[in-house]
Amino acid sequence: MNTLLDIPKGAEVIDVCKAVEEMMNESEERGELRMLMQLVRDGDLKLERAAEKTKMTVEQFEKVMENTPLQAV
């Protein structure tokens, strides 16, 4: 089935595959961050190690934890 799209001249071209890949990567990164925060909160992982894994400073990781409600984790 061929679908014609009306794309105006000068419109920005979007690579749908790239956009989907970026969304999936972002979702995966958020999930990893949430898991690390939960491990720190549970006492199973040291804050310093979690910060290192996320390439953040300890202060940055603490701020993210402070601004992320428990139910979001």
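Is V16 buried or exposed? V16 counts as exposed because its relative accessibility is 58%, and the cut-off for that class is over 50%.

## Model and confidence

The structure described here is a predicted model. Across the protein chain the mean pLDDT is 86, and 89% of the residues score at least 70. Of the helices, α1 has the lowest confidence, with a mean of 89, whereas α2 has the highest, at 96.

## Overall architecture

The protein chain contains three helices and zero strands, so that its elements, read from the N terminus, run α-α-α. Helix α1 covers residues 16–41, while α2 spans 47–53 and α3 spans 58–66.

Buried residues account for 12% of the 73 residues in the protein chain. The chain exposes about 6,600 Å², of which carbon and sulfur atoms supply 54%. Among contacts between residues at least 6 apart in sequence, 42% join residues at least 24 apart.

## The nonpolar core

Nonpolar side chains tend to be buried together in soluble globular proteins. In this model, the largest nonpolar core consists of eight residues, namely L36, M37, V40, L47, A50, A51, F61 and M65. Each of the helices α1, α2 and α3 supplies at least two residues of this core.

Which residues does L47 contact once its neighbours within four places in sequence are left aside? L47 is in contact with V40, V58, F61, E62 and M65. Among these partners, V40, F61 and M65 are, like L47, members of the core.

## A nonpolar surface patch

Nonpolar residues also appear at the surface: I14, V16, V20 and M24 form a patch there. Together these residues have about 410 Å² of accessible area. One of them, V16, lies in helix α1 and is exposed, with a relative accessibility of 58%.

## Salt bridges within the helices

How many salt bridges does the model contain? The count comes to three. In helix α1, E22 pairs with K18, and their closest N and O atoms are 3.4 Å apart. Because E22 and K18 are four residues apart in α1, about one helical turn separates them. E22 is partly exposed, with a relative accessible area of 46%, and K18 is likewise partly exposed, at 47%.

Helix α1 also holds the pair R30 and E26, whose closest N and O atoms are 3.0 Å apart in a salt bridge. These two residues are four apart in the helix, and therefore about one helical turn lies between them. R30 is partly exposed, with a relative accessible area of 40%, and E26 is partly exposed at 46%.

In helix α2, the side chains of R49 and E52 meet in a salt bridge with an N to O distance of 2.4 Å. R49 and E52 are three residues apart, about one turn of the helix. R49 is partly exposed, with a relative accessible area of 37%, whereas E52 counts as exposed because its relative accessibility is 53%.

## The loop between α2 and α3

K55 is located in the loop between α2 and α3. The phi angle of K55 is near 60 degrees, a positive value in a residue other than glycine. Is K55 buried or exposed? K55 counts as exposed because its relative accessibility is 77%.

Methods
Residues numbered from 1 in each chain as written. Predicted model: local features only at pLDDT ≥ 70, side-chain atom pairs only at ≥ 80, totals over all residues. Heavy atoms only, no water. Patch = residues over 30% accessible without salt bridge, like charges linked within 9 Å, V, L, I, M, F, W, Y side chains within 5 Å. Areas by Shrake-Rupley, 256 points an atom, 1.4 Å probe, with all protein chains shown as cover. Salt bridge = Lys/Arg side-chain N within 4 Å of Asp/Glu carboxyl O. Buried < 20%, exposed > 50% of the residue type's maximum accessible area, 1.4 Å probe, protein only. Contact = heavy atoms within 4.5 Å. pLDDT = per-residue confidence, 0-100. Core = buried A, V, L, I, M, F, W, Y, C linked by side-chain atoms within 4.5 Å.
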